[in-house]
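Colleague: Please take a close look at a single part of this entry and describe it in one connected account. I would like the cut-offs behind each term to be given along the way.

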There are 2 protein chains.
Amino acid sequence: MSCETDTIETIRNSDQRMTPQRLLLLSAIRHSGEHVTINQIHDQVKQAYPFINVSTIYRNVSILKELRLISETYKTDGEILYEWIGGHAHLHMMCRNCNEMIEIDDKYLDSLKQDIKKDFGFNIDIDHLAISGLCDQCKKLEQVGYDD
Amino acid sequence: MSCETDTIETIRNSDQRMTPQRLLLLSAIRHSGEHVTINQIHDQVKQAYPFINVSTIYRNVSILKELRLISETYKTDGEILYEWIGGHAHLHMMCRNCNEMIEIDDKYLDSLKQDIKKDFGFNIDIDHLAISGLCDQCKKLEQVGYDD
DNA sequence: GTTGCACCTGCAATTTTTTGCAATAAATAC
DNA sequence: GTATTTATTGCAAAAAATTGCAGGTGCAAC
């Protein structure tokens, strides 16, 4: 409830309007689990309002992203995921071999954030990035030589 | 010279062929400065061979990416940049307000890499990500209230 | 409630990226 | 050198993402 009031507040405060479409889209992102794609959002909203156009989804996602109400994460395979911000911030790590995605608490970034802040004055956002790498299992396979 | 031999070697070893188009594309990425987009690569190659098709660029970039000969970086404004790997590895940080991009030596990631390795067995690649945040200047503006 | 303005939406058109396929050409073996 | 195999290319078509615009609509002021 309170978060919804906050959301509406945020949108109103930035010269934007709360339309039924936008409300459905917000709700879809909020309730469709952690990470959703544009198409998943579209499908979800269509269930309540079948006439919604994809371009509306794209445009709204872009606006919500700028307002920092949702986060955008580029997976290392190119897929883009959206996620409601407000819960726990976390890092995404994606294995470049098996595409498994691990979520890691953002406390791991604390030290990096401090260093960068101190040396460059740059203030890192915790969200947005999926770090690419190799998970334990795939690393082992690579070493043994069973890799592609 | 040696890196070119290495490159050809890498490509041959993975059941792929060294075509003139691929050679031009490699050279374009290598010599067009640090970061280039698909279109910049295409334009560059067209100067030497005007008949090259964009799809060839897309497909080759994708292959070279998988072979880890080039890195792919998603800027926080959506633009995708490609870069020759082989020089110094570095992090990209991009200000979400002014879009300025700062390059930071990857030594800053050492500690994070170790922690993640220890706790999750996940092996982070240094490349690939542009970290989003606010540069010093934009942060100050935000605090003073001159922000959008 | 009514009005006015700026934002939003859906549609259509455009641009960007991906895919299917026949022809081409690189690499290997002879 | 020639033949064989198979990845690669260019083109065209498809799919995905973006943009322009005219009409619709939220919402604030009255």
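Modeller: The residues of the surface near DNA strand D divide into five nonpolar, eight polar and seven charged, where near means that a heavy atom of the residue lies within 4 Å of the strand, and where Ala, Val, Leu, Ile, Met, Phe, Trp, Tyr, Cys and Pro count as nonpolar, Asp, Glu, Lys and Arg as charged, and the others, Gly among them, as polar. This is a predicted model, in which local features need pLDDT of at least 70 and side-chain atom pairs count only at pLDDT 80 or more, while totals for chains, interfaces and linings use all residues. Residues are numbered from 1 along each chain as its sequence is written, chains are lettered from A and ligands numbered from 1 in the order in which they are written, and side-chain values use heavy atoms, with hydrogens and water left out.

In total, 20 residues surround DNA strand D, the closest being A:R12, A:Y58, B:Q16, B:R22 and B:T56. Of the strand D atoms within 4 Å of the protein, 68% belong to sugar or phosphate and the rest to bases. Among the polar contacts (pairs of N or O atoms within 3.5 Å; within protein, one must be able to donate a hydrogen and the other to accept it, and residues adjacent in sequence count only if both atoms are side-chain atoms), a sugar or linking oxygen of strand D lies 2.8 Å from a side-chain N or O atom of B:Q21. Phosphate oxygens of strand D are found 3.1 Å from a polar backbone atom of A:M18 and 3.5 Å from one of B:N53. At least two residues each come from α4 of chain A and from α2 (20-31) and α4 (54-66) of chain B, helices being DSSP runs of H or I with at least four residues, and strands runs of E with at least two, numbered from the N terminus. The most, four residues, come from α4(B).

Turning to DNA strand C, 21 residues surround it, and A:Q16, A:R17, A:T56, B:R12 and B:Y58 are the closest. Their surface divides into six nonpolar, eight polar and seven charged residues, and here α4(A) gives the most, with four. A phosphate oxygen of strand C is 2.7 Å from a side-chain N or O atom of B:R12, and another contact places a phosphate oxygen 3.4 Å from a side-chain N or O atom of A:N60. A base oxygen of strand C lies 3.3 Å from a polar side-chain atom of B:R59.

Helix α4(A) itself, residues 54-66, has 13 residues and reaches 19 Å from its first C-alpha to its last, close to the 18 Å expected at 1.5 Å a residue, the expected span being 1.5 Å times one less than the number of residues. Within α4(A), A:I57, A:N60, A:V61 and A:L64 are buried, that is, under 20% relative accessible area, with exposed meaning over 50% and partly exposed in between (1.4 Å probe, protein chains only). Seen down the axis of α4(A), these buried residues fall within an arc of 105°, so they line one face of the helix; the arc is that of the directions from the helix axis to the C-beta atoms. On the other side of α4(A), A:R59 and A:E66 are exposed. After the helix comes A:R68, whose phi is positive, near 60°.
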